[in-house]
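Visitor: Please take a close look at a single part of this model and tell me what surrounds it. Then put that part in context.

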Amino acid sequence: MSELTISKFQTFKRYLPALTLALILPAWELICRLFEVPSYILPTPSDIYQAFIAVDLDRWGLHLWATLKVALVGFALSMLISIPLAMLMVNSKYLSKTLYPILVVVQSTPVVAIAPLLITMFGSGEAPRLAITCLITFFPLVVSATTGMMATPNELIDLSRSLRAPRYKEIFAIRLPYALPHIFSGMKVAVTLAIIGAVVAEFVAAEQGLGYFIQFSTSFFKVPQAFAALIFLSIVSLGLFKLVHWVQAYFFGWTMTKEKA
Amino acid sequence: MKPFVTLDNVSHYYMTDEGKPVQALKDVSFSIGKNEFVAVVGPSGCGKSTLLRLLSGLMQPTHGSVNIFGMPVTEPRDEIGIVFQQPTLLPWLNVTDNVLFPIKHKRGRATDKEKAQAQSLIKMVGLEDFASRMPGELSGGMQQRVGIARALLLDPDILIMDEPFSALDALTREEMGFDLLRIWNESPKTVLFITHSISEAVLLADKVLIMSPRPGRLSEEIPIDLPRPRSAATVREKAFSEYTDRIRQQIYHPKTENITAVTDEKKVVNL
């Protein structure tokens with residue numbers, strides 16, 4: 001293959017996902033119309049689009065903001081708790097042996113099942129929604145941060161000790177940065193889970209938010225509108241994932257290239 | 001030569017996870033003169049890593065004493081620089097900052113004088129064109145050069161090198177050996193060089209210590225009387241192959257008289 005055809009092939013490969021989508025949408029539309037599928041079972045893409053523009057942008061914005069706020073604040077809180085907790089666990093064998101089983105138990109309890117309990121415990125304000133989001137995003141963050149910090153080469157720890165550096169420096173200047181590639185992987189998982197957490201919370205108790213809007217729409221059999229909200233949610237989730245990726249690439253470029261040695 | 005580093009009857013035990021004591025070193029005694037280049041060769045399990053940790057003050061021996069300048073080593077000290085088997089650079093710092101890492105890690109900031117010192121070390125290891133590159137952009141040999149510069153930053157009297165070239169390919173390894181000799185010539189240091197390679201040991205060292213495994217013991221001490229500066233031509237000399245043969249002989253068919261049989265196994269109990 002000449003260089004030109006290779007580069008053409010590369011361009012083709014790049015647009016392949018968009019091309020797939022461009023083929024699926026008309027096929028979806030066609031099948032729904034051909035077999036006269038009722039819109040409350042599976043709406044056509046054009047139905048969904050119509051439902052989307054039928055709702056005011058302001059209203060979309062209101063619901064989007066409600067969900068995004070819970071997801072982002074919950075995610076930030078989760079980071080603030082999980083990273084220091086991981087540092088403590090790495091620093092002390094005793095703490096890690098005590099805390100780890102508790103974390104595993106919390107993680108194995110389905111958060112969706114705890115959600116109604118949390119609402120009764122915390123009332124119907126923002127607090128239970130943030131708690132649910134925290135609970136669901138917490139585990140991948142703790143595990144990735146702990147794994148990353150434990151993966152620090154022993155030689156570097158020896159070097160730090162041979163320099164008689166204070167122990168907090170061993171954690172902050174060596175272990176924590178070393179864990180960043182792992183932490184970013186955990187963040188990518190956690191940030192999409194944060195949206196799930198916010199939506200679950202809205203299912204249980206909320207007056208606004210995209211999750212609430214989906215439930216509201218389906219209860220009135222406005223299925224195309226629910227689909228529109230669902231697609232909106234996926235796009236938001238994807239956007240957050242991309243945002244984490246972008247922050248990593250821009251500020252922590254070195255975490256993207258694997259060390260050779 | 002006046003002894004600079006001395007080990008007196010050093011024995012060391014460590015505990016396995018099951019709580020069983022394992023002897024890593026048994027009655028090891030030797031001394032290193034100032035600015036002497038000593039190589040330690042021996043198979044795996046001969047306690048080379050334990051030796052490194054004892055000398056750097058990261059551990060205390062179970063029995064015996066490790067002395068530097070006649071003072072027992074009780075904690076890590078600035079007079080020692082360590083080069084590890086893997087370069088273990090910090091992937092988020094460029095070459096210059098990696099070399100400056102010991103000072104920054106210890107005190108938070110480097111002075112202009114220290115920064116200039118770092119630049120001249122980077123030049124000495126031949127990386128002046130790569131000073132602002134990241135470790136991920138360097139080859140294995142280049143990374144280990146950064147590791148050597150880092151170990152030399154605090155201007156240590158003693159340089160401990162733990163199989164520093166074992167992760168490199170054969171060609172780079174040879175080149176690095178000669179470079180190390182040049183650096184050692186430019187700024188003389190007391191060097192303890194741990195290696196698996198017999199020819200590397202003979203080529204570099206003034207004295208070769210042969211260790212035998214399980215428990216780690218010193219089985220023979222061989223002074224290498226080859227003229228310096230040494231080069232690729234040294235390898236072709238008859239004396240060179242005589243030394244390597246003798247060391248190989250000692251490793252594979254040790255003369256048993258050097259190994260003392262009766263030991264203090266019972267002292268293990270009060271660990």
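Guide: For sorting lining residues, Ala, Val, Leu, Ile, Met, Phe, Trp, Tyr, Cys and Pro count as nonpolar, Asp, Glu, Lys and Arg count as charged, and the others, including Gly, count as polar. The model is predicted. The part chosen here is the largest cavity, which has a volume of about 130 Å³. Its lining is made up of 13 residues, and those closest to the centre are A:Leu159, A:Leu163, B:Ile80, B:Gly81 and B:Ile82. By class, eight of the lining residues are nonpolar, three are polar and two are charged. At least two lining residues come from each of three elements: helix 7 (154–162) of chain A, strand 6 (80–83) of chain B and helix 4 (140–152) of chain B. The model has three cavities of 30 Å³ or more.

Helix 7 of chain A also borders an open site, the second largest pocket, where its five residues are the biggest contribution to the lining. Helix 1 (48–55) of chain B likewise supplies at least two residues there. This pocket has a volume of about 300 Å³. Of its 13 lining residues, A:Asn154, A:Glu155, A:Asp158, B:Arg53 and B:Leu58 are the closest to the centre. The classes here are four nonpolar, three polar and six charged.

Next, the strands of chain B. Strand 1 (residues 3–15) and strand 2 (residues 21–33) of chain B run antiparallel and are joined by nine bridges. In this pairing, B:Tyr13 of strand 1 faces B:Gln23 of strand 2. The two strands form a hairpin with five residues between them, and B:Gly19 in the turn has a positive phi of about 85°. Strand 1 of chain B is also antiparallel to strand 4 (residues 63–68) of chain B, with five bridges between them. One residue pair there is B:Thr6 with its bridge partner B:Asn67 in strand 4.

Last, the cysteines. A disulfide would need a pair of cysteine sulfur atoms within 2.5 Å, and the count over all chains is zero. Burial is a separate matter, with the limit set at under 20% relative accessible area. A:Cys32 has a relative accessibility of 3%, so A:Cys32 counts as buried. A:Cys134, at 12%, is therefore buried as well.

Conventions. Residues numbered from 1 in each chain as written. Chains lettered and ligands numbered in written order. Predicted model: local features only at pLDDT ≥ 70, side-chain atom pairs only at ≥ 80, totals over all residues. Heavy atoms only, no water. Pairing = 2+ DSSP bridges. Helix = DSSP H or I, 4+ residues; strand = E, 2+ residues; numbered from the N terminus. Buried < 20%, exposed > 50% of the residue type's maximum accessible area, 1.4 Å probe, protein only. 1 Å grid on protein atoms, 1.4 Å probe; cavity = no way out; pocket = protein on both sides within 12 Å on 5 of 7 lines; lining within 4 Å. Points joined across faces, edges and corners; volume = space filled by probe spheres on them.
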